[in-house]
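Here is a protein model to explore together. Please take a moment to turn it around before reading on.

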Amino acid sequence: MLRNGVLPDCYTFPIVLKAVCQVYDVNLGKQVHSVGIKLGLQWNEYCETGFISLYCKAGEFGSARMVFDENPDPKLGSWNAVIGGLSQAGLAKDAIRVFLDMRRSGFVPDGVTMVSLTSACGNIGDLNLALQLHKCVFQARAAERTDILMLNSLIDMYGKCGRMDLAYKVFATMEKRNVSSWTSMIVGYGMHGHVKEALECFWQMREAGVRPNFVTFIGVLSACVHGGAVREGRHYFDMMKNVYGITPQLQHYGCMVDLLGRAGLLEDARRMVEEMPMKPNPVVWGCLMGACEKYGNVDLAEWVAKHLQELEPWNDGVYVVLSNIYANRGLWKEVERIRLLEIMNFPETYITGSLIFCPVVERQPDSLDLGEYFVPCIYNLRLSLRNNRLKESKGEQVQRT
């Protein structure tokens, strides 16, 4: 287009910028921005919105704010771009502060504004703010047609704030409901441990003829995890594959591993991990490690720890959990070995923590192995405190040092 001498206009730039965002090419986006400045389109509402969205998605919020601040007369679309970018990046409080600035400037929010804000409010979990934003949603609905996306965002907001009763009130007043409406209710119920309500909502969704998607099944399986419903979880996992033809993703496998592990079905959980078509991430391994700690399965814990160390060699948490598993089984030699490995691999943890080492046996240090002679003092301290509590419970005098 440019080679043929045809200059882009205010309709060309938003399309090009959207394509640039999809390929995550920030340098190319900056070149497009410079062309827009040369053509005097940097303050055009549609172009400016595209530039702000580009920088927000790239994480360059300072550049996005600079584009916004340079415009002496920003339009509502530009405000929405800043609020939406901050909200999607998890900067919820910043998004709300920009919204307050927008209101002080005399702008009335529309549906796009409220969807971004309710998402930000849900991430914070502030119920008082949620109720205030709901009033703004009513104002936005009065100015335009009812937007199903706006109502879905309200359900999601109340669910994240822990008020499923208010989420249901919004849901019940909706004339039309799509898959996101039902999924938001299922995820909300599951998030707060209302397993029966979540599964009932899923059943009603199927009765209404709404086809669930992969996010819906994440909510259903998460609810089964919270309720310990192993049979139901397996049923819905098979339903997702066989009835709806949805290929399980990493999140679905993670839910199943967590579900089986919490129920003590460790071999089934291990088999699930081994049969996954993709490589398990640290979250999946962490779920299985937590189950090993709960049920004291040493062999499986060692297998899991090996994979976790390969994925996250910088994380010392696996040493802590593994040493706890050994300690609970009375394998003190293994405890010493793991703690010494942790000291050698993460010396800064102990240097900065003023850790003391205590001798275990009364022999000459030069005749002992390091693992025999020194044990991190934390275990001796725990043992001492436990003994003191036992003496106090029996009314004995405890010597304070």
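The paragraphs below go from the overall fold to the core, then to the open and closed spaces, and finally to the charged pairs.

Keep in mind from the start that this is a predicted model. The protein chain has 23 helices and 2 strands, so helices are what you will meet at nearly every stop of this tour. Of its 401 residues, 42% count as buried. How are the contacts spread along the sequence? Among contacts between residues at least 6 apart in sequence, 56% join residues at least 24 apart.

Let us go inside. The largest nonpolar core has 107 residues, and L288 and M289 are the ones with the most contacts inside it. Among the elements that build this core, helix α18 (residues 298–311) gives the most, with 7 residues. M289 is a good place to look around from. Leaving aside residues up to four places away in sequence, M289 touches A301, V304, A305 and L308, and also V318, V321, L322 and I325. If you colour α18 (298–311) and α19 (317–328), you can follow these contacts on the display.

Between those two helices runs a loop, and E312 lies in it. Is E312 buried or exposed? E312 counts as buried because its relative accessibility is 17%, and the cut-off for buried is under 20%. A useful landmark for this spot is N281: E312 and N281 are 31 residues apart in sequence, while their C-alpha atoms are 9.9 Å apart in space.

Next come the spaces that the chain leaves free. The largest pocket holds about 610 Å³ of space. Its lining is made up of 29 residues, and K57, G84, G85, Q88 and S116 lie nearest the centre. Which helix gives the most to this lining? That is α5, with 7 residues. The helices that each supply at least two residues of the lining are α1 (12–23), α3, α5 (76–88), α7 (111–124) and α9 (148–160). By class, the lining of the largest pocket has 15 polar residues, 10 nonpolar ones and 4 charged ones.

There is also an enclosed space to find. A search of the whole structure finds 1 cavity of 30 Å³ or more, and about 30 Å³ of space lies in the largest cavity. The residues that line this cavity are I155, D156, G159, K160, S184, V187, G188 and M191. Helices α9 and α11 (179–191) each supply at least two of these lining residues. By class, the lining of the largest cavity divides into 3 nonpolar, 3 polar and 2 charged residues. Helix α9 is worth a second look, as it is among the helices lining the largest pocket and it also helps to line the largest cavity.

The last part of the tour follows charge. Side chains of opposite charge can pair when their charged atoms come close. How many salt bridges does the structure hold? There are 13. One of them joins the side chains of E60 and K30, with an N to O distance of 3.6 Å. This pair links distant parts of the chain: E60 sits in the loop between α3 (45–57) and α4 (61–69), K30 belongs to helix α2 (residues 26–38), and the two are 30 residues apart. E60 counts as partly exposed at 25% relative accessibility, and K30 counts as partly exposed at 37%.

A local pairing is found in helix α6 (residues 92–104). There the side chains of R97 and D94 meet in a salt bridge of 2.4 Å, N to O. Because the two residues are 3 apart in this helix, about one helical turn separates them. R97 is partly exposed, with a relative accessible area of 48%, and D94 is partly exposed too, with 28%.

Another salt bridge brings together the side chains of D165 and R163, at 2.8 Å from N to O. D165 counts as partly exposed at 40% relative accessibility, and R163 counts as partly exposed at 29%. To finish, find R234, D268 and R271, which are linked in a network of salt bridges.

Key. Residues are numbered from 1 along each chain as its sequence is written. This is a predicted model: local features need pLDDT of at least 70, side-chain atom pairs count only at pLDDT 80 or more; totals for chains, interfaces and linings use all residues. Side-chain values use heavy atoms; hydrogens and water are left out. A salt bridge is a side-chain nitrogen of Lys or Arg within 4 Å of a carboxyl oxygen of Asp or Glu. Helices (H or I, at least four residues) and strands (E, at least two) are DSSP runs, numbered from the N terminus. Buried means under 20% relative accessible area, exposed over 50%, partly exposed in between (1.4 Å probe, protein chains only). On a 1 Å grid over the protein atoms alone, a cavity is a set of points where a 1.4 Å probe fits but cannot get out, and a pocket is an open set with protein on both sides within 12 Å along at least five of seven lines; lining residues have an atom within 4 Å of a point. Grid points are joined across faces, edges and corners, and a volume is the space filled by probe spheres set on the points. Ala, Val, Leu, Ile, Met, Phe, Trp, Tyr, Cys and Pro count as nonpolar, Asp, Glu, Lys and Arg as charged, and the others, Gly among them, as polar. A nonpolar core is a set of buried Ala, Val, Leu, Ile, Met, Phe, Trp, Tyr and Cys residues joined through side-chain atoms within 4.5 Å. Contact means heavy atoms within 4.5 Å.
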